2 protein chains.
Amino acid sequence: MTDRAQGAKLAEVAALLADPTRATFCVAMLDGRAWTAGELARRAGVAASTATEHLHRLTASGLCVERRQGRHRYVQLADPETAALIESLAGHFPVAEAPAGLRASTASAALARGRTCYDHLAGRLGVAVTDAMTGLGLLDRTAGFALSDKGRDWMETALGVDTAGWSHSRRTAAKECLDWTERRSHLAGLAGAAVCDRFLESGWVRRVGSTRAVRLTDSGATALQELLDMDAGPLR
Amino acid sequence: MTDRAQGAKLAEVAALLADPTRATFCVAMLDGRAWTAGELARRAGVAASTATEHLHRLTASGLCVERRQGRHRYVQLADPETAALIESLAGHFPVAEAPAGLRASTASAALARGRTCYDHLAGRLGVAVTDAMTGLGLLDRTAGFALSDKGRDWMETALGVDTAGWSHSRRTAAKECLDWTERRSHLAGLAGAAVCDRFLESGWVRRVGSTRAVRLTDSGATALQELLDMDAGPLR
DNA sequence: CTGAGGGTTCGGCGGCCGCCGAAGCGTCGC
DNA sequence: GCGACGCTTCGGCGGCCGCCGAACCCTCAG
């Protein structure tokens, strides 16, 4: 009896993501930015009226939040936990897709090379950074997934990040996020967000157009070399 | 373009859980055991033929695996990751349910007190054990979620668990799992499974009937006192 | 004030999908 | 060998839900 209620609840949540159009909206919003209703409609290839209805359901359920501004309606995912949930759900099964055309192929190649996953780095770039940090003892992955003391120092000194408030934050400092292209874990949580933030701010990586894909810059390559002793060649 | 394909993929996965009957199946199987098709059908309140069709979809998608044995068909969740995914999806939104009757109320109270979550402990019991381990420095939660060296010793000596192979396992030693009744994290992963296993084997906790609920025994209460310096009073 | 354009509401259409019962197949117990 | 029983296949029914276009509201620019 109890788990029939629980099942209904689960089905309700899953149904939100079970529609291709709503799912496409969510995937688009995985970049962490706020999108207008029209942008999402065009991206998913549906009429504006259809998009409106879907956005109603998504916001009503608390999956997304919205902000009215002038004649625009901006929508984004509610929080990093929600983004992590969607990413892990989408990544849980192997994709096994043969890219359709050249255009799509280069686009997905760019995404595989490096992208943002809500507020942290993913793709080969994200995995490589995470691996490098593990190799230097900044991350402890032998018995879980945590930032070591050394890692915390590194965030402070090498990256200039203020980690003082992290202990009191509701969000965990370091979290594991599974990648849907690499099928490997990369760094998320406060530390992951801080890394991504600093990389973007310093111009070490740059967004490709208006997509989630990011590209490593020249200064980024040298920075990775200096800070993490990484060979950035394969990531260019 | 790329994320429309990704959206379709996400929708496909979500659709599996978007049906109340299939979702109920999955919630039931969260106890980690193998269920027969008939058991699941009765539990969800549908005809056997309906259950068959649902189980086809679940196994075809790789969410569940099955084992034929005589005239029975046993089915269970594919792996701990799948279980974690379902649990986190189900637990992502507040429940806010008023129990319908006395029967349902005592049943859900038992589940809230203590239960298994696939292969580890959850509910107030699971959270309390996790908190106690954190307090004793066995778990490091200041910068992530990891088993400390001290914690690993404790697993070996206090619990008699062989942790030798853990470093080479594909599965992480300690993982965070969010609880849908407590809205709090508890220990999962290899360590969580080992704790649950030892507790059941030693008779410290016992399953209530054929449900996921577990009950702390007298010897269990003293064991918690000795091993973790816990007051088991509120958990009885 | 007027037109353009983003967003919304509403009605109606179409398809998908979950449900069942009946018939059938295999295994188990006597 | 013969019922009993668990599971499966197949048709057919019904309802839900995602889609659109048309009409409308509101904001912004000139």
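This passage looks at how two protein chains are arranged and how they meet DNA strand D in a predicted model.

A good place to start is the relation between the two protein copies. Chain B is superposed on chain A by a rotation of 180° with 0.0 Å of shift along the axis, at an RMSD of 0.1 Å. This is the relation of a two-fold axis. The interface fits that picture: 96% of the interface residues of chain B are also interface residues in chain A, so the copies meet through the same surface.

Attention can now turn to the DNA. There are 24 residues around DNA strand D, and those that come nearest are A:Thr21, A:Thr50, A:His54, B:Gly38 and B:Thr52. Of the atoms of DNA strand D that come within 4 Å of the protein, 70% belong to sugar and phosphate. Sorted by residue type, the surface near the strand holds four nonpolar, 11 polar and nine charged residues.

Both chains contribute elements to this surface. At least two residues each are supplied by helix H2 (20-29) and helix H4 (48-60) of chain A, and by helix H3 (37-44), helix H4 (48-60) and strand E3 (72-77) of chain B.

Individual side chains of chain A fill in the details. A:His54, already met among the nearest residues, places a polar side-chain atom 2.3 Å from a phosphate oxygen of DNA strand D. For A:Arg22, a polar side-chain atom is found 3.2 Å from a phosphate oxygen of the strand. A:Arg71 brings a base into view: an N or O atom in its side chain lies 3.3 Å from a base oxygen of DNA strand D.

How values were computed: Residues numbered from 1 in each chain as written. Chains lettered and ligands numbered in written order. Predicted model: local features only at pLDDT ≥ 70, side-chain atom pairs only at ≥ 80, totals over all residues. Heavy atoms only, no water. Near = heavy atom within 4 Å. Polar contact = N/O pair within 3.5 Å; in protein donor to acceptor, adjacent residues only side chain to side chain. Helix = DSSP H or I, 4+ residues; strand = E, 2+ residues; numbered from the N terminus. Nonpolar A, V, L, I, M, F, W, Y, C, P; charged D, E, K, R; others polar. Least-squares fit on C-alpha atoms with pLDDT ≥ 70 in both. Contact = heavy atoms within 4.5 Å.
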